Structures are given as structure tokens and as C-alpha cells.
Amino acid sequence: MAIKQPNFKAINSDVIVVGYCRLLFYQPEKKQLLLNPEIIDFPANKGTPLV
């Protein structure tokens, strides 16, 4: 996660939550966390009842 360190320093935070990149990920390292919970407004089921 060394390449992401400037982002954590720039916003002075230990947690970054991103979205809308269609890649679900959870990257903890030491005391920092980079998280993408996936697209909240566009479910993976494409609007069908098959959740």
C-alpha cells in the first residue's frame, strides 16, 4: 500500500472509502484502511429480485 500513502497523508486520515469503480476491495495495512464497498446505488443483481 506504499503507493497509496500520499493519499492518506493528503487528507490526514487513516481510512479512505471510495466507490463506483466496480471492484469490491478491503485493504487494511498497519493502522490504515482503504475500502471500496462496491456500488451502493447499482446492485450486482441488475435490479432483479435475485439478490
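Lys30 is exposed in the predicted model, with a relative accessible area of 84%. Lys30 lies in the loop between β2 and β3, and its phi is near 55°, a positive value in a residue other than glycine. The loop belongs to the hairpin of β2 and β3, in which 2 residues stand between the strands. A second residue with a positive phi near 55° that is not glycine is Asn12. Asn12 is placed in the loop between α1 (5–11) and β1, and at 71% relative accessibility Asn12 counts as exposed.

The chain contains 1 helix and 3 strands. Read from the N terminus, these elements follow the order α-β-β-β. The chain has 51 residues, of which buried residues make up 18%. The accessible surface of the chain comes to about 4,300 Å², and carbon and sulfur atoms account for 62% of this surface. When contacts between residues at least 6 apart in sequence are considered, 21% join residues at least 24 apart.

The 3 strands form an open sheet with mixed pairing, arranged in the order β1-β3-β2. Strands β1 and β2 stand at the edges and each has a single partner strand, so one side of each is left without a neighbour in the sheet. On average, and with direction ignored, neighbouring strands of this sheet are turned by 5° against each other.

The two pairings that involve β3 run in opposite senses, parallel with β1 and antiparallel with β2. Strand β1 (residues 15–17) is joined to β3 by 3 bridges, whereas the pairing of β2 (residues 25–29) with β3 extends over 5 bridges. Leu35 of β3 has a bridge partner on each of these strands: Val17 is paired with Leu35, and Tyr26 is likewise paired with Leu35. Phe25 stands opposite Asn36 in β3.

Burial was examined next for strand β3. Of the 5 residues of β3, 4 are buried, so the strand is largely enclosed by the rest of the structure. Leu34, located in β3 (residues 32–36), has a relative accessible area of 9% and is therefore buried, the cut-off being under 20%. The C-alpha atom of Leu34 is separated by 8.4 Å from that of Asp14, a residue 20 positions away along the chain. Gln32 also lies in strand β3. With a relative accessible area of 16%, Gln32 is likewise buried. The side chain of Gln32 makes a polar contact with the side chain of Gln5, at 2.8 Å. Gln5 falls within the range of α1 (5–11), so this contact links the helix to strand β3.

Val18 is found in the loop between β1 and β2. A relative accessible area of 32% makes Val18 partly exposed. Apart from neighbours within four places in sequence, Val18 is in contact with Phe25, Leu35, Asn36 and Pro37. For Pro37, which is 19 residues from Val18 along the chain, the separation of the C-alpha atoms is 7.6 Å. Two of these contact residues, Phe25 and Asn36, also stand opposite each other, with Asn36 in β3.

Confidence in the prediction varies along the chain. The mean pLDDT of the chain is 77, and 69% of its residues reach 70 or more. Confidence is highest in β1, at a mean of 89, and lowest in β2, at 83. Where pLDDT is low, the predicted coordinates should not be read in detail.

Definitions and conventions: Residues numbered from 1 in each chain as written. Predicted model: local features only at pLDDT ≥ 70, side-chain atom pairs only at ≥ 80, totals over all residues. Heavy atoms only, no water. Buried < 20%, exposed > 50% of the residue type's maximum accessible area, 1.4 Å probe, protein only. Contact = heavy atoms within 4.5 Å. Areas by Shrake-Rupley, 256 points an atom, 1.4 Å probe, with all protein chains shown as cover. Pairing = 2+ DSSP bridges. Axes fitted to C-alpha atoms, helices over the stretch in contact; angles between N-to-C directions. pLDDT = per-residue confidence, 0-100. Polar contact = N/O pair within 3.5 Å; in protein donor to acceptor, adjacent residues only side chain to side chain.
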